[in-house]
Every structure is written in C-alpha cells, then in structure tokens.
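Please look through the structure shown here, with an eye to which parts face outward and which face inward.

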Amino acid sequence: MKSKLTATILTFFFGGIGIHKFYLGKSTQGILYILFCWTLIPTILAFFEFFGLLFMSDHSFNVKYNNGF
C-alpha cells in the first residue's frame, strides 16, 4: 500500500523531477518529468499536485492509488 504522507513529502521535496510519480506507479509521467525538469514546468505542476495530495481525503487517495483499499 502506498502512503499518502510519503507521496506528499516526495512531491514537496522531489516533485520537480517526478520522484512522486514513480512512487505512485505512474512511471511514464515520471520519465516525462525527468526529461522536462530543466523547463521548470514539472516543478509548477508538482506545486499544485502537492496541495492536491495534501487536501485529498484518505479515502480518495486509497481509491485512486491503492485500488480502493
């Protein structure tokens, strides 16, 4: 099971290079984040994803990333 806290922390510290995407099982998006990290676009996206994860309920996180557990 993936942890919401871990995903949020990874997004805050390493969101610009997409580490949180690999953790959440979205490897293709993670590779795109790494390829385009020099443009700072992934950093801007990770900023919004951080707040999305921060304010997401535990139930919603589990449905989306833990197959409903």
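In this predicted model, Phe48 and Phe55 are exposed on one side of helix H4, while Pro42, Ala46, Phe50 and Leu53 of the same helix are buried. The four buried residues cover an arc of only 90° around the axis, which puts them on the same side of H4. Behind such an arrangement lies a general property: an α-helix has 3.6 residues a turn, so residues three or four places apart point the same way.

Helix H4 itself runs over residues 41–55, and its 15 residues reach 22 Å from the first C-alpha to the last, close to the 21 Å expected at 1.5 Å a residue. The partners of its buried residues are helix H1 (4–14), helix H2 (19–23), helix H3 (27–35) and helix H5 (58–65), against which they pack.

One residue on the H1 side can be followed in detail, namely Thr11, which has its place in helix H1. Thr11 counts as buried because its relative accessibility is 3%, under the 20% cut-off. Leaving aside neighbours within four places in sequence, Thr11 is in contact with His20, Ala46, Glu49, Phe50 and Leu53.

Seen as a whole, the protein has 5 helices and 0 strands, and along the sequence it follows the pattern α-α-α-α-α. Its radius of gyration is 12 Å, close to the 11 Å that the globule rule gives for 69 residues, so the protein is as compact as a globular protein of that length. Of the 69 residues, 32% count as buried, and the protein exposes about 4600 Å², of which carbon and sulfur atoms supply 73%.

How values were computed: Residues are numbered from 1 along each chain as its sequence is written. This is a predicted model: local features need pLDDT of at least 70, side-chain atom pairs count only at pLDDT 80 or more; totals for chains, interfaces and linings use all residues. Side-chain values use heavy atoms; hydrogens and water are left out. Helices (H or I, at least four residues) and strands (E, at least two) are DSSP runs, numbered from the N terminus. The expected span of a helix is 1.5 Å times one less than its number of residues. Buried means under 20% relative accessible area, exposed over 50%, partly exposed in between (1.4 Å probe, protein chains only). The arc is that of the directions from the helix axis to the C-beta atoms. Contact means heavy atoms within 4.5 Å. The radius of gyration is taken over C-alpha atoms; the globule rule is 2.2 Å times the number of residues to the power 0.38. Accessible areas come from the Shrake-Rupley method with a 1.4 Å probe; for residues, only the protein chains shown count as cover.
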